[in-house]
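Trainee: I would like to go through the terms used for this model and see what earns each one.

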Amino acid sequence: MSTSRSVGILATRSIRNIRRLPSAFFPALAMPIFNMVVFAGTFFAVTKIPGFPTDRSINWYMPLGIMMGSAFAGVGLGFTAIRDIETGFYDRLRMTPTSRLSLVLGPLTGTLVRVVMMTTIVIVIGIALGARFTGGVLGILCLYAAALGLSTIGAGWGLGLAFIFKDMRGAAIMQLSIFLVMFLSSAQVPLNVMDGWLHTVARINPATNILRLARVGLVNESNADHLSFNAVWGGIVAIVVMGGLSLGFALRQLRKLSN
Amino acid sequence: MNSAPIIAEQLARHFGDVKAVDGIDLTVNQGEIFGFLGPNGAGKSTAVRMLTTLLRPTSGTARVAGFDVVKQADEVRRNIGVALQDAAIDPLMTGNELLELQAVLYGIASNKMKERASELLERVGLTAAADRRVSTYSGGMRRRLDLALSLIHQPAVLFLDEPTTGLDPMSRLTLWEEVRRLNREGTTVMLTTQYLEEADQLADRIAIIDHGKIVREGKPSDLKRTVGDPTLLINVSREHSDAASGVLARFGEMRPTAEGTLGVGLRGGAERVAEVVRALDEANIVVEHLELNQPSLDDVFAEATGYRLEGADNAPQAR
């Protein structure tokens, strides 16, 4: 049984639904654009804070918009799984002899394609609004890597919750957890301007490392994070560890669906 | 070792205190259509979900197509086809796309996939609708597509969970014919239903499940025979009524019937009808109408459970 063929056909199903169910895709695209534009416009003065990593607010908030969009695209896979469980379609998939891994990786691949599309569109709009990639192509690649990594983590988490709850009760936890993880990180301001418990939580929050990775090509050339090995490496480790844990969680809960 | 395609031994599934399936023993033989009959909530679907690897048993064992449903779940999946209740199909996909998806997930080679899909679509009469989204299909079309999907890998054992629920009579007959055809081709079929007629028409053997337990099992004709003798109904002219009653009483116990009709529980069944007619003729009684009513599966069900399946919504729920 070829896992790659199964992954491919399940990903195709997911990608095809972008065209067939645009009402599900366009809000997911509009949200990061909205976040980027509104945050960059509202908090334009944030760059005046001494030591702020960039002199353009859009350089700071474009990655945040993309990260929020990627995280929600990831957990959105949980919503799709809930719909398939409720309609019985997931039983059809589970009754096939294909590997359980492909039942997770197939839809995940479809989600990653959506994330690439969303990231590309937001980057184009961001550049049109004045964003500047100080890190060039490498900086852009880091942003894509962070987006794909965060959506993978979100997807594993969303799928695992979908398999536990099997209905929309899981949806509220998915959304709340994404908001908490994102806003208890360096989403709005860098770590060095945070204080107290928020600083402590943000420092240990893996989302902070992933956001650093996303921003390494957008901060000023003079900033310590600019294409720095530490920022890139820290983000990749966070993605690998958290991605592995969340996909493991999803697989474990999928296998427990029969219990 | 027993080589029957479906064997369950003391198979049970509990949800907390609820014993949805309470230790059933079941054997479905090669080439049979086996009917699993019971009202909603009796445990039919739970039993099927265990046999198709979707649900782990709380206790007991089951082997399907020669493989253990827990320890060899993948092997079981490779050898069974399943059409569950409510035709679980993604409405955004077309018939062709669903068949392709199913074929890939069963590991069917790309060069054989299209041929097999066309063959199945033709078989279930959906060739013209193959490229339409399933959301535009009628209930009957969805059931037929569901059946086609379950056959993509030519399974040895086919599970049909209430395949005709909600279908119009014409669609129901079409599906029954297809099930018979598959069975003639060698597929063993396990069919759950709450329709007595469906079980009677299709099944070689049936099991009646109630409150998670199998309460009767056997050939429909044998089960009906266990309920009692068939009723012979006769209409004669009014002046011959008493004489006819006297004759009939020699063949069994008289039974209450509608006014103007005489009824007798015919000991020995249909074979004795000719004998009754001869006896009436010898007594110069002219028979205007004669009818032999066999006990129905509902009679069997009522005898086994204490209530009738027709209108079983009022039946006590599973423990």
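The turns below take up cores, strands and domains.

Mentor: This is a predicted model, where local features need pLDDT of at least 70, side-chain atom pairs count only at pLDDT 80 or more, and totals for chains, interfaces and linings use all residues. Residues are numbered from 1 along each chain as its sequence is written, and chains are lettered from A in the order in which they are written.

Trainee: What makes a set of residues a nonpolar core?

Mentor: Its members are buried Ala, Val, Leu, Ile, Met, Phe, Trp, Tyr and Cys residues joined through C-beta atoms within 7 Å; buried means that 20 or more other C-beta atoms, placed from the backbone, lie within 10 Å of a residue's own. The largest such core has 79 residues, and Leu145(B) is among those with the most contacts inside it. Helix α3 (95–105) of chain B gives the largest share, six residues. A second, separate core has 67 residues, including Val122(A).

Trainee: Which residues touch Leu145(B), beyond its neighbours within four places in sequence?

Mentor: Among them are Ile89(B), Leu98(B) and Val134(B); contact means C-beta atoms, placed from the backbone, within 7 Å.

Trainee: How do you know that β11 and β13 of chain B pair?

Mentor: Pairing takes at least two DSSP bridges between strands. Four bridges join these antiparallel strands, so they count as paired. One of the bridge partnerships is Thr231(B) with Gly265(B).

Trainee: Why are β12 and β14 of chain B edge strands?

Mentor: Each has a single partner strand, so one side of each is left without a neighbour in the sheet. The sheet is open, with the order β12-β13-β11-β14.

Notes
Buried ≥ 20, exposed ≤ 12 C-beta atoms within 10 Å, placed from the backbone. Helix = DSSP H or I, 4+ residues; strand = E, 2+ residues; numbered from the N terminus. Contact = placed C-beta atoms within 7 Å.
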